[in-house]
Amino acid sequence: MKILMLYGTKSNVTKDIARMIVSDLDAAVTLHNLKRSLPHKIEAFDLIVIGSPIYMGYMIKSVRKFVLRNLSSLLNKPVALFIVGADKQLDMDKYLSMSLPEDLISHLWLKMHLGGEFRHDKHQILRRIIIKQVSEENAKSQSGAVNIDKEAVHQFSHHIKKEMLGDKRV
Ligand SMILES: Cc1cc2nc3c(=O)[nH]c(=O)nc-3n(C[C@H](O)[C@H](O)[C@H](O)COP(=O)(O)O)c2cc1C
């Protein structure tokens, strides 16, 4: 099984999550930061995994652009998607519908939110405003740091291992 993992990132949180998944999978995975390089032949892969952070309600541009340009190929493969965002009660379907074509959303084999992190100092300043903007409830309940959801990351890998790699041990 050949796996292609594509992601976009601004402050490397999504990249770190992509690497955590790769290390969990223990399989042949080709990794691309879509801002730096584009994969040549996605037809050659058996599973496509796409990772994107959310900025102001939208998936990152490099991912949206890639999806639109490669939609017909993606619709011919199993596609797993993970999103990275600071909104703990993130409404994934709402976010997806703002960024992806409807036919890809219904085609997704797996979709999960894997947490998020504010890494830059200037982002820390923005943090409260952004969290308040994305979710009023969240702003009230959230006093601590927003983190990568390691348990969700391992669950995401687990699904792939069990259902795609046929790993009976997981
Ligand atoms: C300007 C800005 C806007 C953001 N907008 C959202 C948002 O709408 N929803 C959300 O859940 N998280 C939002 N976040 C949080 C990011 O998704 C989070 O910091 C993520 O971990 C960034 O991932 P990256 O380092 O891979 O780019 C925002 C962060 C910044 C700095």
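# Exercises on a predicted model

Helix α6 contributes the most to the shell around the ligand, with 4 residues. The model is a predicted one, and the exercises below start from this shell.

## Exercise 1. The shell around the ligand

Determine how many residues surround the ligand, which are the closest, and how the shell divides by residue character.

*Solution.*
1. The ligand is surrounded by 23 residues.
2. The closest are Thr14, Pro53, Gly85, Asp87 and Gly116.
3. By character, the shell comprises 12 nonpolar, 8 polar and 3 charged residues.
4. At least two residues of the shell come from each of α1, β3 and α6 (121-134).

## Exercise 2. The order of the elements

State how many helices and strands the protein chain has, and in what pattern they follow one another.

*Solution.*
1. The protein chain holds 8 helices and 6 strands.
2. Along the sequence, the pattern reads β-α-β-β-β-α-α-β-α-α-β-α-α-α.
3. The protein chain has 170 residues, of which 31% count as buried.
4. Among the contacts in the protein chain with a separation of 6 or more, 81% are between residues 24 or more positions apart.

## Exercise 3. Helix α1

Establish which residues of α1 are buried and what covers them.

*Solution.*
1. Helix α1 spans residues 13-25, a run of 13 residues. From its first C-alpha to its last it reaches 19 Å, close to the expected 18 Å.
2. Val13, Thr14, Ile17, Ala18, Ile21 and Leu25 are its buried residues.
3. Viewed down the axis of α1, these buried residues fall within an arc of 140 degrees, so they line one face of the helix.
4. Their cover includes the strands β1 (3-7), β2 (29-33), β3 (47-55) and β5 (79-84), together with helix α8 (150-163).
5. After α1 comes Asp26, whose phi is positive, near 55 degrees.

## Exercise 4. Two partly exposed residues

Decide whether Asp16 and Ile105 are buried, exposed or partly exposed.

*Solution.*
1. Asp16 belongs to helix α1. A residue is partly exposed when its count of other C-beta atoms within 10 Å falls between the limits of 12 or fewer for exposed and 20 or more for buried.
2. Asp16 has 15 other C-beta atoms within 10 Å, and is therefore partly exposed.
3. Ile105, in helix α5 (residues 102-107), has 15 C-beta neighbours inside 10 Å and so counts as partly exposed.
4. Asp16 and Ile148 are 132 residues apart in sequence, and their C-alpha atoms are 9.3 Å apart in space.
5. For Ile105 and Leu81, the corresponding values are 24 residues in sequence and 9.5 Å from C-alpha to C-alpha.
6. Leaving aside residues up to four places away in sequence, Ile105 touches Leu96, Ser97 and Leu100.

## Exercise 5. The nonpolar core and helix α2

Identify the residues with the most contacts inside the largest nonpolar core, and describe how the buried residues of α2 pack.

*Solution.*
1. The largest nonpolar core has 36 residues, and Met5, Leu6, Ile17 and Ile48 have the most contacts inside it.
2. At least two residues of this core come from each of β1, α1, β3, α2 (61-69), β5, α4 (92-99) and α8.
3. Leu6 touches His32, Leu34, Pro39, Ile48, Ile50 and Phe66, not counting residues up to four places away in sequence.
4. Phe66 is also one of the buried residues of α2, along with Val63 and Val67.
5. Down the axis of α2, its buried residues fall within an arc of 100 degrees, so they line one face of the helix.
6. Leu68 and Arg69, on the other side of α2, are exposed.
7. The buried residues of α2 pack against β1, β3, β4 (58-59), α3 (71-74) and α5.

Key:
Residues are numbered from 1 along each chain as its sequence is written. This is a predicted model: local features need pLDDT of at least 70, side-chain atom pairs count only at pLDDT 80 or more; totals for chains, interfaces and linings use all residues. The expected span of a helix is 1.5 Å times one less than its number of residues. The arc is that of the directions from the helix axis to the C-beta atoms. Two residues are in contact if their C-beta atoms, placed from the backbone, lie within 7 Å. A residue is near a molecule or strand if its C-beta atom, placed from the backbone, lies within 6 Å of it. Ala, Val, Leu, Ile, Met, Phe, Trp, Tyr, Cys and Pro count as nonpolar, Asp, Glu, Lys and Arg as charged, and the others, Gly among them, as polar. A nonpolar core is a set of buried Ala, Val, Leu, Ile, Met, Phe, Trp, Tyr and Cys residues joined through C-beta atoms within 7 Å.
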